[in-house]
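Please work through the following exercises with the sequence and the model in view. Each task is followed by a solution in steps.

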Amino acid sequence: KPITHINGIPKTEVAPGVREKAQVKQIGELLDKRAGSVEAGTLPDAVMKELGAADDSVVLDHDTIGKQGLHHGDVEREAYEAIPAMIARPEAVVREKENASGAGVSLIGRHGNQLYKMVLRSRADILSGIVRLMSFHDVPDREARRLLRRSGIMGEIPDMKKSED
C-alpha cells in the first residue's frame with residue numbers, strides 16, 4: 001500500500017531523500033509482486049497546484065505496470081526505480097487535455113541519457129485529489145521538445161550534446 005509513515009513518522013515530515021528511498025523500495029516490491037499500489041513519487045508544488053491535488057503523492061498500481069509491459073515492454077527496472085527522482089525534479093511539465101480520467105500533466109524526466117514521459121492524472125470524481133501515474137515510457141528528445149512547445153508549463157529540455165561537453 002502507498003506510504004503513510006516512514007519509521008513511525010508521517011511521510012510529509014521526513015526528509016525528501018528518505019521519502020524517495022522508501023518510494024524506490026515500494027516500486028521494486030510492486031515490480032516483483034505485480035499486485036497492489038504504491039507511492040511512486042512526490043509532486044513538486046507547481047504540479048500539485050496544476051492538478052488540483054489534495055496530496056503530494058503520486059500513486060502507481062499493478063494495472064499500469066501491466067499495461068506498460070504490453071505497450072512499452074522495453075522499459076527496464078532501473079528506469080522504474082528512477083521514477084521518484086524524475087517526478088520530484090522533472091526536466092519539464094506539459095499540460096494535458098482533461099478527460100474522463102481527470103486533469104492531467106506529462107512530466108518529462110531524465111534518467112542517464114534517456115528522457116521519459118510520465119502522464120499523471122488527478123481524478124475528478126470521488127477519488128478527487130489522488131494523482132495517479134497513468135503511463136511511463138521513454139521518449140526521444142525531439143518528441144519531448146515538441147510536447148513542451150505544445151503546452152509546456154515549466155522547464156526545458158537541455159540539448160544532450162551541450163550537456164555532455
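**Exercise 1.** Determine which side chain forms a polar contact with that of E20.

*Solution.* The partner is R89: a polar contact of 3.0 Å joins the two side chains. A polar contact is a pair of N or O atoms within 3.5 Å; within protein, one must be able to donate a hydrogen and the other to accept it, and residues adjacent in sequence count only if both atoms are side-chain atoms. The model is predicted: local features need pLDDT of at least 70 and side-chain atom pairs pLDDT 80 or more, while totals for chains, interfaces and linings use all residues. Residues are numbered from 1 along each chain as its sequence is written, and side-chain values use heavy atoms, without hydrogens and water.

**Exercise 2.** Establish whether E20 is buried or exposed, and name what it touches.

*Solution.* Begin with the location: E20 belongs to helix α1, residues 16-33 (helices are DSSP runs of H or I, at least four residues; strands are runs of E, at least two; both are numbered from the N terminus). Next, its relative accessible area is 17%. Buried means under 20%, exposed over 50%, and partly exposed in between, with a 1.4 Å probe and protein chains only; E20 is therefore buried. Finally, leaving out residues up to four places away in sequence, E20 touches P84, A85, A88 and R89 (contact means heavy atoms within 4.5 Å).

**Exercise 3.** Explain why strand β3 is described as largely enclosed, and identify the residue opposite V38.

*Solution.* Strand β3 covers residues 37-42, and 5 of its 6 residues are buried, so the rest of the structure largely encloses it. Strand β4, residues 57-61, runs antiparallel to β3 and is joined to it by 5 bridges. Within β4, L60 stands opposite V38.

Technical notes: Two strands pair if DSSP finds at least two bridges between them.
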